[in-house]
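Let's take a walk through a protein structure together, one kind of contact at a time. Keep the picture open beside you as you read.

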Amino acid sequence: MSIKVKFSENRLIIMFPYSPELVEKIKTVPGHRWYPQEKVWSIYSTREAVIKFFSVFSKTELEIDDSAIPLVSKYIPLSSWENTIRMFEEDLKLRGYSPETRKAYVGHVKRFARFIGVPPNRTEEKHIKEYLLFLLNKKCSHSFINQTVSALKLFFSRILGKSEIVFNLPRPKREKKLPNVINMEEFWAILKAVKNLKHRAIILLTYSSGLRLSEVVNLKIKDIDVERGLIHIRQAKGRKDRYTVLSQAAWQIINVYINNFAPRDWLFPGANPEQHLSKRSVQKVLEQACLKAGLQKAVSPHTLRHSFATHLLESGTDLRYIQELLGHASTKTTEIYTHVSKHNIEKIESPLDKIVKEQKGTKDILDFL
């Protein structure tokens with residue numbers, strides 16, 4: 001039996017199937033409260049209550065929502081794991097891993113540590129497999145679990161020297177999902193729903209140059225090469241520089257934006273001019289634009305990048321050029337767009353349509369019925 005924990009309005013929300021034993025335990029926590037309609041318990045998010053809760057339920061499987069992790073990390077230190085996790089983070093930094101990867105890998109190790117509840121030197125292969133099964137049962141994506149495996153392998157082999165417990169770790173089969181793509185009509189609907197000049201420039205640039213979210217927010221004014229019609233992407237994924245195309249139509253809007261907002265260094269600065277706009281801000285802009293445009297499908301900044309690649313392929317651009325523009329290390333990654341492109345599929349005639357056409361005097365299938 002597992003207990004779900006999440007954070008809401010200065011309280012921890014606790015959910016579990018009815019059990020007299022668990023009910024008695026939670027009643028020992030200060031500030032406990034039962035909500036009969038929602039069928040959940042809650043406790044104050046004070047140090048005393050949080051520490052008491054995790055002490056009482058230390059032997060119970062806990063599913064901690066991401067919303068509760070900051071609070072739990074604040075009051076429930078990982079004690080025996082702290083030094084090794086700090087060493088892991090430093091090791092990742094020394095090896096040149098990006099800040100995003102370091103944050104993700106450290107997060108995986110922390111979640112694992114909280115789940116098993118034993119010191120790192122007592123961790124065994126069975127604990128890791130148990131955790132991976134837990135993630136699968138939670139319906140976590142296979143890519144998330146594969147990243148978890150990668151993080152744990154690095155941690156135990158490099159920091160603790162326990163390669164033997166991670167050597168044979170299984171990885172779930174990689175999911176083959178097609179990228180989400182929007183058509184030009186949908187893109188224009190999104191663009192028209194955005195009235196803010198800065199936000200419109202961001203969306204135009206993301207789509208027209210096929211940029212990742214991290215790439216667009218990290219752009220500096222000096223990265224825009226108007227004369228050559230290029231954008232210099234510096235130290236992107238894989239620590240690689242590359243150039244991608246600068247749309248002349250997009251530049252017209254960007255130029256107006258620059259003249260109006262006068263950014264000094266970052267092309268899209270945040271509230272603090274010394275820092276770039278946050279990735280979450282861009283995501284919110286796009287979410288609100290899609291709502292206003294009435295789009296039903298899920299659209300993210302990466303959807304714009306997928307659409308850029310797909311539309312280039314449909315217009316006849318060589319796959320190798322698209323690979324260079326996107327910064328893919330292998331054409332195999334770029335080839336996924338051939339599965340969503342309608343360029344070749346449109347030329348295929350369904351056998352049903354052929355049969356209907358061959359019937360003399362028949363205009364459509366309704367004449368058969």
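What follows is a tour of the side chains, from the nonpolar cores to the charged pairs and the rings.

First, a word of caution: this is a predicted model. With that in mind, let's begin with the greasy part. The largest nonpolar core has 46 residues, and the ones with the most contacts inside it are Ile190, Ile203, Leu205, Leu267 and Phe268. Several elements each give two or more residues to this core, including helix H8 (184-193), helix H9 (197-209), strand S7 (230-236) and helix H14 (319-326). Which of the elements gives the largest share? That's H9, with six residues.

Zoom in on Ile203 to see what this looks like up close. Setting aside residues up to four places away in sequence, Ile203 touches Phe187, Ile190, Leu191, Val194, Val285, Leu286 and Leu304. Apart from this core there is another one, made of 29 residues, and among them are Tyr105, Leu135, Ile159 and Leu169.

While you're looking at H13, find Thr303, which is found in that helix. Is Thr303 buried or exposed? Its relative accessible area is 3%, and because anything under 20% counts as buried, Thr303 is buried. Leaving aside neighbours within four places in sequence, Thr303 is in contact with Asn180, Val181, Ile182 and Ala298.

Now for the cysteines. How many disulfides does the structure have? The count comes to zero. You can still look up two of the cysteines: Cys140 is buried at a relative accessible area of 19%, and Cys290 is buried at 6%. Cys140 falls under the 20% cut-off, so it gets the label "buried".

Next, the charges. Side chains of opposite charge can pair when their charged atoms come close. This structure holds 15 salt bridges. Take Arg212 and Glu215, whose side chains meet in a salt bridge with 2.6 Å from N to O. Arg212 is buried, and so is Glu215.

Another salt bridge joins Arg234 and Asp223, with the closest N and O atoms 2.4 Å apart. Where do the two partners sit? Arg234 lies in strand S7 and Asp223 in the loop between H10 and strand S6 (224-225), so the pair ties together parts that are eleven residues apart in sequence. The partners get separate labels, too: Arg234 counts as partly exposed at 41% relative accessibility, whereas Asp223 counts as buried at 4%.

Then there's the salt bridge between Asp225 and Arg228, where the closest N and O atoms are 3.7 Å apart. Asp225 counts as partly exposed, with 24% relative accessibility, while Arg228 is exposed, with a relative accessible area of 54%. Salt bridges can also share partners, and here that joins Asp91, Arg95 and Arg158 into one network.

Arg228 has something else going on. The charged end of Arg228 sits over the ring of Tyr243, 5.3 Å from the ring's centre. You can spot a similar arrangement with Arg11, whose charged end sits over the ring of Tyr44, 4.3 Å from its centre.

That brings us to rings meeting rings. A search of the whole structure finds 15 aromatic pairs. How do the rings of Trp34 and Trp41 lie, tilted or stacked? Their centres are 5.1 Å apart and their planes are at 45°, so the pair is tilted. Trp34 counts as partly exposed at 41% relative accessibility, but Trp41 counts as buried at 8%.

Compare that with Phe112 and Phe156. These two form an edge-to-face aromatic pair, 6.0 Å from centre to centre and with 85° between the planes. Phe112 lies in helix H5 (residues 99-116) and Phe156 in helix H7 (residues 142-159), so this pair ties together parts that are 44 residues apart in sequence. Both labels here read "buried": Phe112 has a relative accessible area of 0%, and Phe156 is at 0% relative accessibility.

Phe112 and Phe156 also belong to one aromatic cluster, together with Trp81, Phe88, Tyr131, Phe134 and Phe155. Try picking out each of those rings in the picture before you move on.

Terms used: Residues numbered from 1 in each chain as written. Predicted model: local features only at pLDDT ≥ 70, side-chain atom pairs only at ≥ 80, totals over all residues. Heavy atoms only, no water. Disulfide = S-S within 2.5 Å. Buried < 20%, exposed > 50% of the residue type's maximum accessible area, 1.4 Å probe, protein only. Core = buried A, V, L, I, M, F, W, Y, C linked by side-chain atoms within 4.5 Å. Helix = DSSP H or I, 4+ residues; strand = E, 2+ residues; numbered from the N terminus. Contact = heavy atoms within 4.5 Å. Salt bridge = Lys/Arg side-chain N within 4 Å of Asp/Glu carboxyl O. Phe/Tyr/Trp six-rings, centres within 6.5 Å; stacked < 30°, edge-to-face > 60°. Lys NZ or Arg CZ within 6 Å of the ring centre and 35° of its normal.
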